[in-house]
Amino acid sequence: MRDPFFTPPGLLVNAATPIAKSLALKSLPYHAHEILSAFCFYEFINRVVSPYVSARLAPKTYPHLPRKTKVDWNVHFVSMVQSCFINALALWVIYADKERRNMDWKERVWGYTGAGGMVQGFAAGYFAWDLLASAEDVDVHGWAALFHAASALTVSMMGFRPFVNYYGVNLVLYELSTPFLNIHWWLDKLRMTGSTLQLVNAIALLTTFAGSRLVWGTYQNYCMYKDIWRAVQHPGELPVPSWLALAYLASTTFLSGLNLYWFGKMIQAVAKRFQGPKEGNDKKRR
């Protein structure tokens with residue numbers, strides 16, 4: 001399936017080609033415009049759209065937030081837009097790209113379609129923006145967020161060799177839980193902690209996180225590792241360099257570990273918000 005986005009400008013293709021050749025990212029020049037478009041779009045949302053819209057939707061909250069919380073708010077705003085967009089795009093490509101759907105294990109490792117490259121381009125643009133935002137305000141987001149952005153960007157860029165581009169689209173669906181995570185965070189800041197709305201959202205958050213990241217993500221990683229191992233055992237004309245297999249394995253394993261860590265933290269956070277009053281407090285009230 002061809003890339004349905006607009007044709008990349010020749011000037012940008014020519015500028016990206018030397019970089020692509022030096023990094024062995026053959027399909028990068030044809031999706032550089034999507035990376036650049038996504039990066040600029042999310043930066044515009046962060047700097048302009050989020051402050052403008054948030055101040056009007058939450059006039060009693062947003063303008064009075066401390067700097068660090070306001071920075072975090074804007075990042076969640078960008079994340080909300082990005083996750084809704086990339087989820088819809090990935091699901092559409094998974095459904096509509098028949099060429100991709102009929103791939104065998106060799107094509108799942110080395111195959112490429114324009115539509116799949118488009119999804120990875122937009123995802124890479126966001127992760128590039130996320131990496132910059134995390135580095136700029138590491139005191140707000142923490143080192144784990146910085147390493148997550150770096151790992152996610154590395155995995156996305158490797159898809160332009162092309163390499164396991166098939167699984168790159170599938171793993172984008174990690175983001176299915178992200179809208180609920182953002183809503184959960186906003187409800188805290190809007191003083192709706194422990195509300196019925198937050199409880200319903202928390203159930204949706206934990207369900208989608210476990211389903212998309214721990215179940216779907218783990219299964220996709222297993223299938224991907226199996227296909228990569230086949231490619232290593234049967235190199236033919238397209239050998240998998242050991243460094244590439246190890247780099248991808250390390251990045252995806254790190255991301256999977258973070259998902260398990262964050263899931264545990266989320267369960268603790270949700271339980272804390274909805275646990276009943278402590279026994280000591282009950283005795284005092286009596």
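**Exercise 1. Which residues in H2 are buried?**

Find the buried residues of helix H2 in this predicted model, then work out which helices they pack against.

*Solution.*
Step 1. Locate the helix: H2 covers residues 32–57.
Step 2. Go through its residues and pick out the buried ones. They are Ala32, His33, Glu34, Ile35, Ala38, Tyr42, Ile45, Asn46, Ser50 and Ser54.
Step 3. Look at what lies against them. The buried residues of H2 pack against helix H1 (10–23), helix H3 (67–96), helix H6 (114–136) and helix H8 (143–158).

**Exercise 2. How does the span of H2 compare with the expected one?**

Check the span of H2, then look for a bend along the helix.

*Solution.*
Step 1. Take the 26 residues of H2; at 1.5 Å a residue, the expected span is 38 Å.
Step 2. Go from the first C-alpha to the last: H2 reaches 35 Å, which is close to that expectation.
Step 3. Now follow the axis. H2 bends by about 45° at Val49, and Pro51 is a proline that follows within four residues.

**Exercise 3. Where is confidence lowest, and where is it highest?**

Decide which part of the chain you should read with care.

*Solution.*
Step 1. Begin with the whole chain: its mean pLDDT is 90, and 95% of the residues reach 70 or more.
Step 2. Compare the extremes. Helix H13 (residues 279–285) has the lowest confidence, with a mean of 46, while H2 has the highest, at 97.
Step 3. Look at the weak stretch itself. The pLDDT is below 50 over residues 279–286, and this stretch has two contacts in the model beyond near neighbours in sequence.
Step 4. Draw the lesson: where pLDDT is low, predicted coordinates should not be read in detail.

**Exercise 4. Which residues have the most contacts inside the largest nonpolar core?**

Describe this core, and then look for another one.

*Solution.*
Step 1. Recall the general tendency: in soluble globular proteins, nonpolar side chains tend to be buried together.
Step 2. Here, the largest nonpolar core has 37 residues, and Tyr42, Trp73, Ile86, Val119 and Trp129 have the most contacts inside it.
Step 3. Ask which elements build the core. H2, H3, H6, H8 and helix H10 (178–189) each give two or more residues, and H6 gives the most, with 10 residues.
Step 4. Zoom in on Val119. Leaving aside neighbours within four places in sequence, Val119 is in contact with Ile86, Leu89, Ala90, Val93, Val169 and Val172.
Step 5. Search elsewhere: a second, separate core of 18 residues includes Met103, Phe163, Tyr166 and Met224.

**Exercise 5. Is Val164 buried or exposed?**

Examine the unusual backbone values in two loops, and classify a residue in each.

*Solution.*
Step 1. Remember the usual picture: most residues other than glycine have a negative phi, and most peptide bonds are trans.
Step 2. Visit the loop between H8 and helix H9 (165–171), where Pro162 sits. A cis peptide bond joins Arg161 and Pro162, with omega about -5°.
Step 3. Val164 lies in that loop between H8 and H9 too, and its phi is positive, near 40°.
Step 4. Apply the cut-off: Val164 has a relative accessible area of 0%, and buried means under 20%, so Val164 is buried.
Step 5. Move to the loop between H10 and H11, where Arg191 is found. The phi of Arg191 is also positive, near 60°.
Step 6. Arg191 has a relative accessible area of 80%, and exposed means over 50%, so Arg191 is exposed.

Conventions: Residues are numbered from 1 along each chain as its sequence is written. Side-chain values use heavy atoms; hydrogens and water are left out. pLDDT is the predictor's confidence in each residue, from 0 to 100. Contact means heavy atoms within 4.5 Å. The expected span of a helix is 1.5 Å times one less than its number of residues. The bend at a residue is the angle between axes fitted to the seven residues ending there and the seven starting there. Buried means under 20% relative accessible area, exposed over 50%, partly exposed in between (1.4 Å probe, protein chains only). A nonpolar core is a set of buried Ala, Val, Leu, Ile, Met, Phe, Trp, Tyr and Cys residues joined through side-chain atoms within 4.5 Å.
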